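Biologist: Could you take me through one part of this model in detail, namely the largest cavity and the helix that gives the largest share of its lining? I would like a connected account rather than a list.

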Amino acid sequence: MSIDDTTQLIQLILNSVLMLLACAFVLGGLLLRRSVIENRLQITNVEYFQSIDRIDQSNRLLMLQKQIRYLQQRVKSANNGILVMYYALILFVSSTFTLAIRTVFSMEWLVTGSMALFVAGTAILLFSVAIVLVDLHQSDRPFWQEMRDILASEMSRKRRIKKIRNRRTVVVR
């Protein structure tokens, strides 16, 4: 193997390893995001089951049911993005392994195969990022709607508390 071949092989291995690390970092972020969504879903489920016994909160129950369905869809979408990211990770590991085999055996087709795996891994990585971006785009508007609803309900509750406080009279003796 010549010096040029060795230099090219080292550069290809470094490219694969760098993409493997980038994929691992993105995967870590996606796993963290899914964990947050699952925690939010669990909290919403607990709130829903605590509110079932109260008859006067039928609007709140409907809002919680809607939010639970929405969060379940987001968890499903996050799982899809994570699954596709795992496929990209496998392709990058395969590309690196193929290049490592190339260092032992002098077969030129291993470099071509490794490059094909690298390109496929990059395409799948981009597809996974696209899935996540679509999920983020879909989740942005309902999040702000939800925050507006929560703030509106908090403001009305604070107004009721303020009215009750104003009705009370304090007698100091």
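Modeller: What follows looks at the cavity, then at a residue and an aromatic pair. Please keep in mind throughout that this is a predicted model. The structure holds one cavity of 30 Å³ or more, and the volume of the largest cavity is about 50 Å³. Its lining is made up of D5, Q8, L9, L12, R102, E108 and V111, and helix α1, which spans residues 3-51, supplies the largest share of that lining with four residues. Sorted by class, the residues that line the largest cavity are three nonpolar, one polar and three charged.

Helix α1 also holds I13, a residue that counts as partly exposed because its relative accessibility is 23%, in between the limits of 20% for buried and 50% for exposed. The C-alpha atom of I13 is separated by 9.4 Å from that of T98, although the two residues are 85 apart along the chain. If neighbours within four places in sequence are left aside, I13 is in contact with L99 and T103.

As for aromatic rings, two pairs are counted when ring centres must lie within 6.5 Å. In the pair formed by Y48 and F49, the ring centres are 5.4 Å apart and the planes stand at 70 degrees, over the 60 degrees required, so the pair is edge-to-face. The two partners fall on opposite sides of the accessibility limits: Y48 is buried, with a relative accessible area of 16%, whereas F49 is exposed, with a relative accessible area of 56%.

Note on methods. Residues numbered from 1 in each chain as written. Predicted model: local features only at pLDDT ≥ 70, side-chain atom pairs only at ≥ 80, totals over all residues. Heavy atoms only, no water. 1 Å grid on protein atoms, 1.4 Å probe; cavity = no way out; pocket = protein on both sides within 12 Å on 5 of 7 lines; lining within 4 Å. Points joined across faces, edges and corners; volume = space filled by probe spheres on them. Helix = DSSP H or I, 4+ residues; strand = E, 2+ residues; numbered from the N terminus. Nonpolar A, V, L, I, M, F, W, Y, C, P; charged D, E, K, R; others polar. Phe/Tyr/Trp six-rings, centres within 6.5 Å; stacked < 30°, edge-to-face > 60°. Buried < 20%, exposed > 50% of the residue type's maximum accessible area, 1.4 Å probe, protein only. Contact = heavy atoms within 4.5 Å.
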